[in-house]
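Biologist: I have the sequence and the structure open. Can we go through how the helices pack?

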Amino acid sequence: MSEPFRPGGDGIRTRLFQIIFESDTPLAKGFDIALIVMILTSVLVVMLDTVDHLSAAYGEWFYWLEWGFTIAFTIELLVRLYILDKPLRYLRSFYGVIDVVAILPTWLMLVIPGAQTLAIVRLLRVLRIFRVLRLMQFVGEGRLLVEALQRSLRQIFLFLFTVFLLVTLFASLVYVIEPIEAGFTSIPKAIYWAIVTLTTVGYGDIVPVTPVGQAISVMVMLIGYSIIAIPTGVFSAEVIRSIRADRYSDQACPGCGHDRHEKRALYCLKCGTWLDEETPDPHLAEHASGKPSK
């Protein structure tokens with residue numbers, strides 16, 4: 001776990017730190033909400049500037065608004081670095097990298113025309129809303145999904161490898177069967193057709209014209225419908241396993257042997273036996289002493 005950020009000194013640095021890096025006071029929360037509103041507005045300006053008739057009518061306004069937001073975000077970043085005891089560590093952090101990337105495009109516009117369009121990446125800064133609205137518990141839910149994905153990587157890789165073999169086989173057959181006029185000019189081109197058909201996208205830019213090729217297309221489409229749910233099922237199973245591992249304990253009941261209890265459970269769900277074998281059941285101790293619990 002990363003070390004928390006600390007102010008680089010007392011006085012104004014500590015006060016600014018409480019406003020910028022914390023959100024447990026009305027002033028700090030107001031700062032974060034204002035920052036998020038500015039980020040969303042700046043992204044909206046970048047998006048509207050790409051609309052031709054709006055850019056023609058309000059292009060100069062969009063230009064100066066973008067520079068105003070960029071200068072404000074640059075000053076904010078410099079203030080963040082000023083009040084921290086280890087500013088370089090913040091620059092290497094996730095939010096630090098996002099803050100730098102958010103202001104770079106407009107400054108690059110001075111040497112690379114059109115680079116300001118990349119300012120759309122500053123939308124990532126809205127992730128700060130997790131801290132403002134106390135939504136960090138969702139990070140734990142995201143961790144479950146990442147762990148489930150990591151555990152299912154082998155099965156998904158094996159599935160994709162098998163699909164690729166099938167795609168290559170069908171593509172090679174269609175390449176041999178279909179005439180060049182149909183668009184199957186090479187095996188890679190046929191592989192493109194097989195992937196589009198297997199995933200049931202069906203662009204229609206390349207289609208078989210022979211009866212045998214059309215029959216193969218039907219087979220590929222049916223196989224696509226049959227196997228498209230396999231990776232979803234594998235991932236879902238791993239998510240369920242992660243939830244169970246996070247919520248349930250493998251400790252077996254000393255009374256009946258049941259081993260599916262919530263980690264906070266004190267008594268067995270089946271027989272009511274006290275689960276912690278290292279400590280006595282407090283209810284039995286109270287019963288033996290004749291003193292009711294408070």
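Biologist: How are α9 and α10 oriented to each other?
Modeller: This is a predicted model. Helix α9 (residues 187-198) and helix α10 (residues 211-227) have axes 8 Å apart, and they pack at an angle of about 50°. Angles from 35 to 65 degrees are neither roughly parallel nor roughly perpendicular. So α9 and α10 are oblique.

Biologist: Which residues of α9 make that contact?
Modeller: On the α10 side, the contact uses Ile 216, Ser 217, Val 220, Met 221, Ile 223, Gly 224 and Ile 227. Their partners in α9 are Trp 193, Ala 194, Thr 197 and Leu 198.

Biologist: How many residues of the α9 contact with α10 are nonpolar?
Modeller: No charged residue takes part. Polar residues number 3, and the nonpolar ones 8.

Biologist: How do α8 and α10 run relative to each other?
Modeller: Helix α8 (residues 153-177) packs on α10 with axes 10 Å apart. The angle is about 170°. Angles over 145 degrees count as roughly antiparallel. Therefore α8 and α10 are roughly antiparallel.

Biologist: How many residues of the α8 contact with α10 are polar?
Modeller: α8 brings residues including Phe 159, Phe 170 and Ile 177, and α10 brings residues including Val 212, Gly 213 and Met 219. The contact has 12 nonpolar residues and no charged ones. Gly counts as polar. The polar count is 1.

Biologist: Why do the buried residues of α1 lie on the same side?
Modeller: In helix α1 (residues 12-20), the buried residues are Phe 17, Ile 19 and Ile 20. They sit on the same side of α1 because they cover an arc of only 165°.

Technical notes
Residues numbered from 1 in each chain as written. Predicted model: local features only at pLDDT ≥ 70, side-chain atom pairs only at ≥ 80, totals over all residues. Heavy atoms only, no water. Axes fitted to C-alpha atoms, helices over the stretch in contact; angles between N-to-C directions. Helix = DSSP H or I, 4+ residues; strand = E, 2+ residues; numbered from the N terminus. Parallel < 35°, antiparallel > 145°, perpendicular 65-115°, else oblique. Contact = heavy atoms within 4.5 Å. Buried < 20%, exposed > 50% of the residue type's maximum accessible area, 1.4 Å probe, protein only. Arc of directions from axis to C-beta.
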